[in-house]
Each structure stands twice: as C-alpha cells, then as structure tokens.
Amino acid sequence: RKPVTLHRLRAMHGDGEKISMLTCYDATFARVLDDAGVDCLLVGDSLGMVLQGHTSTVPVTLEEMAYHVRCVARGNRTACVIGDLPFGSYQSSIAQAIDSASALMQAGAHMVKLEGGGWTAPVVRALVERGIPVCAHLGLTPQSVHALGGWRVQGREESGAATLMAHAKELADAGATMLVLELVTSAVGTEVTKAIGIPTIGIGAGPDCSGQVLVLHDALGMAERPARFVRNFMAEGGGITEAARRYVAAVKDGSFPETGTHTY
Ligand code: KIV
Ligand code: NA
C-alpha cells in the first residue's frame, strides 16, 4: 500500500471511507499492524497504563514518548504515525508545545496529538503554521482525569455538549487534521462529525465518527476490566495479524462499534 499521508487521510474522509487507528508502542507491532492495513498508528500516552502500569497517563514523560515513537517508526512502513504529546509537555506556552512536538516529529512521528479545547486552539494553529500536523482530542481527555472527576462519559448535559461542539469547531478552524472524540454519547459523536470538516476518530463515541481508535491491548482482549466500547478482536480465533485485519474490516464496513453494545 502507498503511505497514508495527510492527503490520503483527507481523500478517505472525502470518500466517506472510515479511518482505522490503533495504538502501537513498538516496532514489531508497528510492522504487524501496518501489514494488516491499519491506517494510523497512535503512539498513545496510554502506554503509561498498558506498558508502564500506572493508573493514569499523567506520569508519562516526553522522553518516554519519543522513545516509543522511534520504536514504532522503525517498524512501520506505510501507516501514519501519530505521537501523543504527554501531560506537561505543551501546557506552559506555545514555545514549549513547539519544542515538544518537534521532538516527537524528529523521533519519526508524522503528526502529534494533544488534549483539550479552548486554550489549545492557538497552540494547534502555531504547530500547524510550523509544518506540524495535529490531531486534537476532546471528550474524556485522560490527562485531565483528576479534574474531570474520573472516567465518565462526557457531553451528557446540554451545556457540556455545547462547549464540546464549540471547541471542536475552533480546533478544526485552527487547522487540526483530525479530532479524536473519547467517551461521549453517540449523539455528540454524530453531531460533531456532521458539524466539522475534518475527520472525527471515535473511541466510545458512537458509530457515526469518521473513523475509530482502540488501545491495542484492549482490541487484543488483554484489558483487565474492558470498557463498554471495547471489542475483543481475538475472540474469533486466529493470530494477532488476523485480529488486526478483522478490526480494520469492522471499522471500514461500519460493523464496529455496534450501537447499544459499544455505545453510550
Ligand atoms: O493514548 C491513547 O491511547 C489515546 C487514545 C485512547 C485515543 O489517546
Ligand atoms: Na492519549
């Protein structure tokens, strides 16, 4: 397959082709997931939980993220590699965000991701102006788990949904390439996807998002207490490559996520 560039992602969105994303933290999984046709490999700061055993993503450092981006970049051939900017690496100033994003781009990322709305719009604009593609992230933003009061579905109240919608529009206007929506009602996922011109990538955000993402270990059935939005793609048997292929196929044909089973 040809490399999954920004141009290709925009074409997929334009054609109504769903975008498949999985998290990935090392070279071997990068090779396997790339071969299986996963469009985007997200080097997520979820590695703080699934690899490092922390109870949140807050302790993850920029150096740790750069290390895993380097590992994934070496194993990947054609997928779009997205590196998460960790907690504390982009909040202080635009200069800090540029330096941190540059470190992940030099480690081999094709795009960086950052969490939050409102104050992040000028940060996104500054990165995009400097040639750094950005994926935004709204809804349940795990780096803010302590402020949000736990892992709860976001946008259930009308005011929360309205704020989320306003933030989504600002981030799209600021030049974000994509927007991850995490743990929001399907109604919010649908409305935001309709309202903005960039692809939304859902995780527990309903079936109408422009694409889907899961934490790799969850998709492979390794979660201790899987969230409602998780499907174990190993359940039907076969190996990891087959599970990854099944994930891609289910995202592309819209059979994952299933309304009711995986949604809010
Ligand atoms: O770090 C991560 O894995 C993420 C996804 C869950 C979107 O940010
Ligand atoms: Na993350």
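## Strand 6, tucked inside

Let's start in the middle of things: five of the five residues of strand 6 are buried, so the rest of the structure largely encloses this strand. Keep in mind as you look around that this is a predicted model.

The strand has cover on both faces. On one side sit Met178, Val180 and Glu182, on the other Leu179 and Leu181, and all of them are buried. That split fits a general pattern: in a regular strand, side chains alternate between the two faces of the sheet.

## The strands next door

Which strand pairs with strand 6 over five bridges? That is strand 5 (residues 134–139), and the pairing is parallel. Within it, glycine 139 stands opposite glutamate 182 of strand 6.

Strand 7 (residues 200–203) is also joined to strand 6, this time by four bridges, and these two run parallel as well. Here leucine 179 has threonine 200 in strand 7 as its bridge partner. To get from one to the other, follow helix 9 (residues 186–195): strand 6, this helix and strand 7 make up a right-handed β-α-β unit.

## Glutamate 182

Back on strand 6 (residues 178–182), glutamate 182 deserves a stop. The unreviewed UniProt entry puts its "active site" feature at Glu182. Is this residue buried or exposed? Glutamate 182 is buried, because 21 other C-beta atoms lie within 10 Å and 20 or more is the cut-off for that word.

Leaving out neighbours within four places in sequence, glutamate 182 is in contact with His137, Gly139, Leu140 and Thr141, and also with Ile203, Gly204 and Ala205.

## Around ligand 1

Glu182 turns up again in the shell of ligand 1. The other residues surrounding this ligand are Thr23, Leu42, Gly44, Asp45, Ser46, Asp84, Val180, Ile203, Val213 and Val215. Sorted by class, the shell is a mix: five nonpolar, three polar and three charged residues.

## The listed binding site

Which residues does UniProt list under "binding site"? The unreviewed entry gives Asp45, Ser46, Asp84 and Lys113. They span 69 residues in sequence, but no two of their C-alpha atoms are more than 12.4 Å apart, so they gather at one spot.

Take aspartate 45 to begin with. You'll find this residue in the loop between strand 2 (40–43) and helix 3 (47–50). Aspartate 45 is buried, with 30 other C-beta atoms within 10 Å. Neighbours within four places in sequence aside, aspartate 45 is in contact with Thr57, Val60, Met65, Asp84 and Pro86.

Now for lysine 113, which lies in strand 4 (residues 111–113). Lysine 113 is buried too, with 26 other C-beta atoms within 10 Å. Its contacts, again without neighbours within four places in sequence, are Leu42, Ile82, Asp84, Leu85, Cys135, His137 and Val180. Asp84 is in contact with aspartate 45 and with lysine 113.

## One last stop: threonine 263

Where does threonine 263 sit? Look in the segment after helix 11 (240–252). Threonine 263 is buried, with 20 other C-beta atoms within 10 Å. Not counting residues up to four places away in sequence, threonine 263 touches Ser186, Gly206, Pro207 and Pro257. One of these, Ser186, belongs to helix 9 (residues 186–195). As for arginine 225, it is 38 residues from threonine 263 in sequence and 16 Å away in space, C-alpha to C-alpha.

Definitions and conventions: Residues numbered from 1 in each chain as written. Chains lettered and ligands numbered in written order. Predicted model: local features only at pLDDT ≥ 70, side-chain atom pairs only at ≥ 80, totals over all residues. Near = placed C-beta within 6 Å. Nonpolar A, V, L, I, M, F, W, Y, C, P; charged D, E, K, R; others polar. UniProt positions renumbered as here; feature names shortened; annotations may be inferred. Buried ≥ 20, exposed ≤ 12 C-beta atoms within 10 Å, placed from the backbone. Contact = placed C-beta atoms within 7 Å. Pairing = 2+ DSSP bridges. Right-handed = clockwise from strand over helix to strand, strands pointing away.
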